[in-house]
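Colleague: Could you take me through this model and tell me how you reach each conclusion?
Modeller: Gladly, have a look at it here.

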Amino acid sequence: MSKKIITITGAAGNIAYSLIFRILSGNIFPQDNKIQINLLDITPVLPSLTGIKYEIEDCAFRNLDHVMITDDPELAFSESDYILMVGAKPRTKGMQRADLLLDNASIFKKQAEIINKAAKKTTKVIVVGNPANTNALILQHNAHNLPAENFSSLMKLDQNRAKSVLSDKLNQKVEDIKKLIVWGNHSATQYPDINHVLINNSRDLIHSLDSRWIEKKFIPRIQNRGAEIIEHRGKSSAASAASAIYDHLNILVNGSNDWESMGVIRKNSYDISSDIFFSFPLKVEQNKISVVDNVEISDLSYKYIKESEKELLTERNIIRDLLD
Ligand code: NDP
């Protein structure tokens with residue numbers, strides 16, 4: 001019997017409240033593995049973490065080793081197999097994107113330095129807290145004892161959203177949709193690309209789609225889906241974000257037979273900077289993520305992709321003083 005240690009930051013927040021229970025009730029790890037869950041958050045919310053710990057224990061999960069709650073990042077990160085960086089300061093009214101970037105950047109820099117000192121070299125780090133791609137860049141630069149390949153940022157929610165909207169439009173099963181790529185940043189410049197999608201190994205249904213629907217409805221809907229949910233629900237999409245983090249972790253642990261979307265820092269054939277976290281088409285085998293290079297890209301697609309790269313380079317420029 002072996003044990004996996006999973007640390008979740010921002011553990012008293014909304015996403016974590018779905019994520020923790022999803023991971024412990026799921027089946028990412030073999031049946032005989034036990035999970036130790038480390039819940040990290042800031043000191044004022046420790047009472048809330050105590051309540052969450054009791055709730056987890058009350059579920060009597062068969063695979064739970066134990067729950068540790070703490071406000072000490074060093075304690076939370078050392079020995080972890082996976083660190084899920086969920087905690088981040090939310091944008092408040094009137095706050096500019098650059099202010100949010102800088103506030104979260106300094107939080108992520110401090111946490112990176114602790115990961116660098118305390119974490120195992122094999123620890124995989126998944127970044128969720130926004131701006132996720134640029135926070136991942138700060139972590140990777142400041143935790144250089146870990147290989148760059150160990151860091152990825154969440155784009156799976158965007159890919160899940162795109163598959164779901166497409167499956168609804170074409171009345172097909174979501175699991176039959178393959179090779180859907182989301183390029184770029186986890187922001188409104190992301191580009192959901194259906195030019196290579198196969199449905200039951202065929203492109204016939206994709207060819208039946210009206211190009212105006214793709215450009216005027218599909219792409220903007222995926223780019224702005226988070227805002228659409230806030231508009232209806234009055235709160236952000238925490239449960240679907242948690243579900244996507246579960247999927248992302250599952251893919252890292254078990255691999256995938258589809259093209260996946262994650263923010264990664266990699267050399268690539270697409271003339272995209274290899275010093276930003278960018279979402280490409282990816283093949284993920286156990287412990288190895290590689291870019292699917294040389295996928296054909298239309299001029300229109302390239303325009304969208306370059307727009308997202310431009311945004312990430314601007315974000316990088318804002319936080320450049322925090323990169324080692
Ligand atoms: P959530 O748990 O709802 O969200 C956490 C982060 O995930 C936010 O940055 C959020 O971005 C991001 N996110 C990424 N994708 C999504 C998505 N699809 N839907 C919603 N969010 C997404 O935030 P809470 O405010 O409830 O909880 C944050 C926790 O972090 C708190 O417990 C707080 O104490 C902790 N925290 C810790 C800090 C530290 O360690 N120093 C500093 C600040 C907070 P977005 O804001 O854009 O929605």
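Our talk below turns to the core and then to the ligand, bearing in mind that this is a predicted model.

Colleague: Which residues have the most contacts inside the largest nonpolar core?
Modeller: They are Ile-6, Ile-8, Leu-39, Ile-56, Leu-166 and Phe-218, in a core of 75 residues. Helix α10 (residues 238-254) gives the largest share, ten residues.

Colleague: Why do you say that this core lies between domain 1 and domain 2?
Modeller: Because domain 1 (2-154) and domain 2 (156-318) both give residues to the core, it lies between them. There is also a second, separate core of 26 residues, with Ile-83, Phe-108, Ala-119 and Val-127 among them.

Colleague: What does Ile-8 touch, leaving out residues up to four places away in sequence?
Modeller: Its partners include Ala-16, Leu-19, Ile-20 and Ile-23, as well as Leu-84 and Val-86.

Colleague: What makes the pair between the ligand and Asn-130 a polar contact?
Modeller: The cut-off is 3.5 Å between N or O atoms. An N or O atom in the Asn-130 side chain is 2.9 Å from a ligand oxygen atom, so the pair counts as a polar contact. For Gly-13, a backbone N or O atom lies 3.3 Å from an oxygen atom of the ligand, so that pair counts too.

Colleague: How much of the ligand does the protein bury?
Modeller: The protein buries 79% of the 910 Å² that the ligand exposes when taken alone. In the shell around the ligand, α1 (14-25), α4 (97-118) and α6 (156-170) are the elements giving two or more residues.

Technical notes. Residues are numbered from 1 along each chain as its sequence is written. This is a predicted model: local features need pLDDT of at least 70, side-chain atom pairs count only at pLDDT 80 or more; totals for chains, interfaces and linings use all residues. Side-chain values use heavy atoms; hydrogens and water are left out. A nonpolar core is a set of buried Ala, Val, Leu, Ile, Met, Phe, Trp, Tyr and Cys residues joined through side-chain atoms within 4.5 Å. Buried means under 20% relative accessible area, exposed over 50%, partly exposed in between (1.4 Å probe, protein chains only). Helices (H or I, at least four residues) and strands (E, at least two) are DSSP runs, numbered from the N terminus. Domain bounds come from an automatic or database domain assignment. Contact means heavy atoms within 4.5 Å. A polar contact is a pair of N or O atoms within 3.5 Å; within protein, one must be able to donate a hydrogen and the other to accept it, and residues adjacent in sequence count only if both atoms are side-chain atoms. Accessible areas come from the Shrake-Rupley method with a 1.4 Å probe; for residues, only the protein chains shown count as cover.
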